[in-house]
Protein chains: 2
Amino acid sequence: MFYLNCIDFYTIVMQNKLDTQEKIVQSATELFLEKGYDRTSVREIASKAKINVSLMNYYFRSKEILFETIINLLIGKASGALKDVLNSDLGLNEKIRQYICKYIDMLISNPLLISFILAVLNRNPEKLTKLKVADNLYNTDNFAKQLEEEYEKGKIRKVNPEQFYINMLSLIAFPFAFKHLINKKNNFSQKEFNEFIKERKEIIYNMLICYLKP
Amino acid sequence: MFYLNCIDFYTIVMQNKLDTQEKIVQSATELFLEKGYDRTSVREIASKAKINVSLMNYYFRSKEILFETIINLLIGKASGALKDVLNSDLGLNEKIRQYICKYIDMLISNPLLISFILAVLNRNPEKLTKLKVADNLYNTDNFAKQLEEEYEKGKIRKVNPEQFYINMLSLIAFPFAFKHLINKKNNFSQKEFNEFIKERKEIIYNMLICYLKP
DNA sequence: ATTTGTTTTAAACAAGTGTTTAAAATAATT
DNA sequence: AATTATTTTAAACACTTGTTTAAAACAAAT
């Protein structure tokens, strides 16, 4: 038998509290990513987190709110570094190169993210636009200005910045959404798919730069 | 009071039979496209088709089978013309031009198709690979051979055909999956989105051709 | 006109859904 | 040590889900 001081007590309690809450978030995140909102039941979340069903409603008020919390967490984690690159003062070519590279690396680490976002986006359009998702995931103001400037300096051809950014995003993200068919068609393992994707870093960069030439 | 001959009788009966069956397919198709499999209940389908719930199980044995039927119908309709272009004996540039054009026109007519397919693909990977979908939607054997030949003739640079096809597909299809965010970000109406997409025909063509130059 | 076959109906079934309740267990405060 | 507050639990609630059943309505064949 032994005693703990106040700080230890506090630590342990907070630890436990965060534990349950975080266990819920973590289990729910995995399930939502794998199976989507509809195919994931609260009982499944509870069972995976090894907690009672009602605790989900105790910490988050509803399944819906838990879901929105998780969306924001996922998007927040994913978009941070990417926004930094896009708003940095790097030269255009280097910025594009880094953006492609970081975006692809991020998606390799979170291979289910794109499908998840697209699913939410098309099932609950209002949700992703209402939440701070639009700004985080698709904000090109700074980048557009840079494209304008480079054009006026005569360094690149004239492009529609909106179209150009969508091109870049399409080339980066779409293969992840289409992953299952790509793997099936080419008999790719998970590892081979990642290799296929990594090859794309240079391909995408070359395509975009080549297109920008005046 | 009047009598009908045999053929008229047959016609009317068949007409009615097809009517109920087709009413189910049509209503279910709209709902599945709009809301997906999970968020669409059989009672909603029945109500929209103005039939009794059990008729869905009478004509199709289950919701699942009805869904698979509809997937095949949608993919079949969509992929026909596209496969023809890809397997035609057109020159490379013209083939690419026509493929982009027809694909985009098809997606403008079926704006929900891409999201629908991606949703199925990621929720039930085995379904889209089991069904004849993979072959219909993503068959590049012929196209790959053509890219090889053009390279050997020295007319284009060396490219990985698989990567090149995925690039083309990404540029064509992704904006439709991302539609809601694009519209929100740019304050596009439906019409303006279609204009934005139509602009892409030339952009995508130029990007691909530019990249192919030796 | 009666039998046979097909299509449609209303009702029920069994299982699963998210959420709430009220009591129990545990921790914190006085 | 007794009281208050927080966290956890089991059970129930109200509702929706896809599917089945068995009878009714209807048409076709004998």
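A cavity, as the word is used here, is a set of grid points where a 1.4 Å probe fits but cannot get out. In this predicted model, six cavities of 30 Å³ or more turn up. The largest cavity comes in at about 430 Å³. It is lined by 31 residues, and those closest to its centre are A:Asp38, A:Ala119, A:Arg123, B:Ala119 and B:Arg123. Both chains, then, put residues among those closest to the centre of the largest cavity.

B:Arg123 also shows up in the contact between the two chains. Together with B:Phe174 and B:Met207, B:Arg123 is among the residues of chain B that lose the most area to chain A, and the three add up to 14% of what that side buries. The size of an interface is often given as the accessible area lost when the parts come together. For chain B and chain A that figure is about 5,100 Å², with carbon and sulfur atoms giving 65% of the area. As for who takes part, chain B brings 49 residues to the contact and chain A brings 49 residues too.

Charged and polar pairings also feature between the chains. Four salt bridges are counted between chain B and chain A. One salt bridge pairs A:Glu162 with B:Lys185, and the closest N and O atoms there sit 3.1 Å apart. On top of that, looking at polar contacts with both residues at pLDDT 80 or more, the count between chain B and chain A is 22 residue pairs.

Within chain A, the domain assignment splits the chain into domain 1, covering 1–60, and domain 2, covering 71–212. The C-alpha centres of domain 1 and domain 2 of chain A are 33 Å apart. The two domains do touch: five residues of domain 1 of chain A are in contact with five residues of domain 2 of chain A. Between them, domain 1 and domain 2 of chain A bury about 400 Å², and 88% of that is on carbon and sulfur atoms. On the domain 1 side, the residues touching domain 2 of chain A break down by class into three nonpolar, one polar and one charged.

What about salt bridges between domain 1 and domain 2 of chain A: how many are counted? The count is zero. Polar contacts give zero residue pairs between domain 1 and domain 2 of chain A, taking pairs with both residues at pLDDT 80 or more.

Conventions
Residues are numbered from 1 along each chain as its sequence is written. Chains are lettered from A and ligands numbered from 1 in the order in which they are written. This is a predicted model: local features need pLDDT of at least 70, side-chain atom pairs count only at pLDDT 80 or more; totals for chains, interfaces and linings use all residues. Side-chain values use heavy atoms; hydrogens and water are left out. Domain bounds come from an automatic or database domain assignment. Contact means heavy atoms within 4.5 Å. Buried area is the accessible area (1.4 Å probe) that two parts lose on being put together, summed over both. A salt bridge is a side-chain nitrogen of Lys or Arg within 4 Å of a carboxyl oxygen of Asp or Glu. A polar contact is a pair of N or O atoms within 3.5 Å; within protein, one must be able to donate a hydrogen and the other to accept it, and residues adjacent in sequence count only if both atoms are side-chain atoms. Ala, Val, Leu, Ile, Met, Phe, Trp, Tyr, Cys and Pro count as nonpolar, Asp, Glu, Lys and Arg as charged, and the others, Gly among them, as polar. On a 1 Å grid over the protein atoms alone, a cavity is a set of points where a 1.4 Å probe fits but cannot get out, and a pocket is an open set with protein on both sides within 12 Å along at least five of seven lines; lining residues have an atom within 4 Å of a point. Grid points are joined across faces, edges and corners, and a volume is the space filled by probe spheres set on the points.
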